[in-house]
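Got the structure loaded in your viewer? Here's a short walk through it, one selection at a time.

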Amino acid sequence: THGFTEPSAGVLSASKVNVCVCIALLSTGLVEAFGAPCVSSPGALNFGRLHALWSAGNVMKARVKWVEAVTFIGESASGHAVVMDGPPESGGRNLGIRPMEMLLLGMGGCTAFDVVMILKKARQPVADCVVEMEAERADSDPRVFTRIHVHFVVTGGRLSDKQVARAVELSAEKYCSASIMLGKAVDITHGYEIVSLPVTDA
């Protein structure tokens, strides 16, 4: 196991978003509460407005729709939807991911994307990449993240330790916009381990 510390430092398809929202709501039983967005109804999503949620150049847009209590549907300009909810003690029904969890997952997805792409470009035989994250939060409001540790478990046959370390470092210091942005306010550390797969010579 290794580790290093990062320096502080078209048009949107309405039908695609509609399907994504329906799937998200069906999985939580919230179709009726949301106004049945799968069909035309007063509570359906404003897809005319969603057409404007197109990421271009340096602009990224998104939309969050209140469903009920503390349940919300997040809609991305790329045509995807996700359910967000809170725990029962905060008035939620635990039907979806917490917003702060989503922030952490977004950072993990961003850096995992980088590491896999960098390793592939380096022609490394990567078979799997798992990013395990642990974040500490402040005790009082606004309970921000104060520390995040990111641990990569990279699996493959004959992976180069040097190339894996380089991929993790490049993501942390150059490419991952999410972790670099959060790193301006949060202490972020990184580590990795390599799981070797058996290699059979032809």
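**Stop 1: the largest pocket.** Bear in mind as you go that this is a predicted model. Start by selecting Met-60, Ala-62, Glu-75, Ser-76 and Met-102: of the 16 residues that line the largest pocket, these lie nearest its centre. The space inside comes to about 530 Å³. If you colour the lining by class, you'll get eight nonpolar, six polar and two charged residues.

Which elements supply at least two residues each to this lining? Show β2, β3, β4 and α3 (99–121) as cartoon, and you have them.

**Stop 2: the sheet.** Stay with the strands for a moment. Select 62–68 for β2 and 81–84 for β4; these are the edge strands, each pairing on one side only. Now add residues 71–76, which is strand β3. Together you're looking at an open sheet of three strands in the order β2-β3-β4, with antiparallel pairing. Look along the sheet and you can follow the twist, which averages 20 degrees from one strand to the next.

Zoom in on β3 and β4. They run antiparallel and are joined by four bridges. For one pair to click on, pick Ile-73, whose bridge partner in β4 is Val-83.

**Stop 3: the second largest pocket.** Go back to Met-102, one of the residues nearest the centre of the largest pocket. Met-102 also belongs to the lining of the second largest pocket, so select the rest of that lining as well: Leu-103, Gly-106, Met-107, Ser-177, Ala-178, Met-181 and Leu-182. Two elements, α3 and α5 (177–182), give two or more residues to this lining. The volume here is about 170 Å³. What does the lining look like by class? Six residues are nonpolar, two are polar, and none is charged.

**Stop 4: a residue in α3.** Last selection: Thr-111, which lies in helix α3. Is Thr-111 buried or exposed? Its relative accessibility is 1%, so Thr-111 counts as buried, the cut-off for buried being under 20%.

To see what surrounds this side of the helix, leave out residues up to four places away in sequence and show the contacts: Thr-111 touches Val-131, Val-150, Phe-152, Ser-171 and Cys-176. Display those five as sticks with Thr-111 in the middle of your view, and that's the end of the tour.

Definitions and conventions
Residues are numbered from 1 along each chain as its sequence is written. This is a predicted model: local features need pLDDT of at least 70, side-chain atom pairs count only at pLDDT 80 or more; totals for chains, interfaces and linings use all residues. Side-chain values use heavy atoms; hydrogens and water are left out. Two strands pair if DSSP finds at least two bridges between them. Axes are lines fitted to C-alpha atoms, for helices over the stretch in contact, and angles run from 0 to 180 degrees between N-to-C directions. On a 1 Å grid over the protein atoms alone, a cavity is a set of points where a 1.4 Å probe fits but cannot get out, and a pocket is an open set with protein on both sides within 12 Å along at least five of seven lines; lining residues have an atom within 4 Å of a point. Grid points are joined across faces, edges and corners, and a volume is the space filled by probe spheres set on the points. Ala, Val, Leu, Ile, Met, Phe, Trp, Tyr, Cys and Pro count as nonpolar, Asp, Glu, Lys and Arg as charged, and the others, Gly among them, as polar. Buried means under 20% relative accessible area, exposed over 50%, partly exposed in between (1.4 Å probe, protein chains only). Contact means heavy atoms within 4.5 Å.
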